[in-house]
Amino acid sequence: MLAWESLPELFPRLAEPERWLPLLRRHARLLAESPVQTTTVKGEMVVARHYAESLEAYRLSGAPEAGAVVDVGSGGGFPGLVIAAVAPEVEVHLVEARRKRAGLLTEMAEALGLARVTAHGERAEEAGRGALRERADLVIARAVAPLPVLLEYTAPLAATGGTIAAVKGSRGEAELAEAGGALATLNCEHTATEQMRGEIAGQMRVLLFRKLGATPSRYPRRPGMPEKRPLAAS
């Protein structure tokens, strides 16, 4: 089991742990006290499963210290609120389709004093056609959907040249093999697959993609269509 105090040791490049570690601990308390259900992970597993994994995903995705990050399917704020806590200069957008969860994210960001965080209570397909389209330097998603579907959710949000990071478990490579059609259609390329460190979550990895050009105007399709009819493998 990982303890809170181990996080600064695992992530020594994250400055000011005396500032961000109390924020993460307070975030955990706010989640535990909220009537809004966001996770089934409880007790001693929370530090590893939510906070260490979120920080590891951020590290492996390049750890931008400025610019805009969009977290798709943020839930209780993983990894978006965690990124906002450790990188206060980053503009963080949390896309969460469930309105109660989106409201909770707004409340927690305010309680934690994270002024550069905005929660969006809408589906990813809606966000990808709104003000967030083609804006993010990094789009990150954790446990949201199979990769061909997830790419249609995330690619429209990334700026050209931006990074898309998909946190995946053991099926990540199989999903990647099925995503060739989505990558070609959405003007993206797979650049790397980074394994999380064993002491954090050795079975998890981060699949990284680069946005090569603008997303065709027909994508994302209307809500529900990416999941119903995933872009076919090439």
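Visitor: In which loop is the place of P79?
Guide: P79 sits in the loop between strand 1 (68-72) and helix 4 (80-86). Helices (H or I, at least four residues) and strands (E, at least two) are DSSP runs, numbered from the N terminus. This is a predicted model in which local features need pLDDT of at least 70 and side-chain atom pairs count only at pLDDT 80 or more, while totals for chains, interfaces and linings use all residues. Residues are numbered from 1 along each chain as its sequence is written, and side-chain values use heavy atoms, leaving out hydrogens and water.

Visitor: What is omega near for the peptide bond from F78 to P79?
Guide: Omega is near 5 degrees there, and the bond is cis. The bond from Y219 to P220 is also cis, with omega near 0 degrees. P220 is found in the loop between strand 7 and helix 11 (225-228).

Visitor: What makes E134 worth pointing out by its phi?
Guide: Its phi is near 60 degrees, a positive value in a residue other than glycine. Most residues other than glycine have a negative phi. You will find E134 in the loop between helix 6 and strand 4.

Visitor: Why is the contact between E53 and R49 called a salt bridge?
Guide: The term needs a side-chain nitrogen of Lys or Arg within 4 Å of a carboxyl oxygen of Asp or Glu. For E53 and R49, the closest N and O atoms are 3.8 Å apart, so the pair qualifies. The two are four residues apart in helix 3, and therefore about one helical turn separates them. The whole structure holds 13 salt bridges.

Visitor: How do you know that strand 5 and strand 7 pair?
Guide: Pairing asks DSSP to find at least two bridges between two strands. Six bridges join strand 5 (residues 158-168) to strand 7 (residues 205-211), so they pair, and they run antiparallel. In strand 7, L207 is the residue opposite A166.

Visitor: What makes strand 3 and strand 6 edge strands?
Guide: Let's look at the sheet. Seven strands form an open sheet with mixed pairing, in the order 3-2-1-4-5-7-6. Strand 3 (117-120) and strand 6 (188-195) each have a single partner strand, so one side of each is left without a neighbour in the sheet.

Visitor: Which strands does helix 5 touch?
Guide: Helix 5 (residues 99-111) packs on the sheet and touches strand 2 (91-95) and strand 3, where contact means heavy atoms within 4.5 Å. The direction of helix 5 makes about 170 degrees with that of strand 3; axes are lines fitted to C-alpha atoms, for helices over the stretch in contact, and angles run from 0 to 180 degrees between N-to-C directions.
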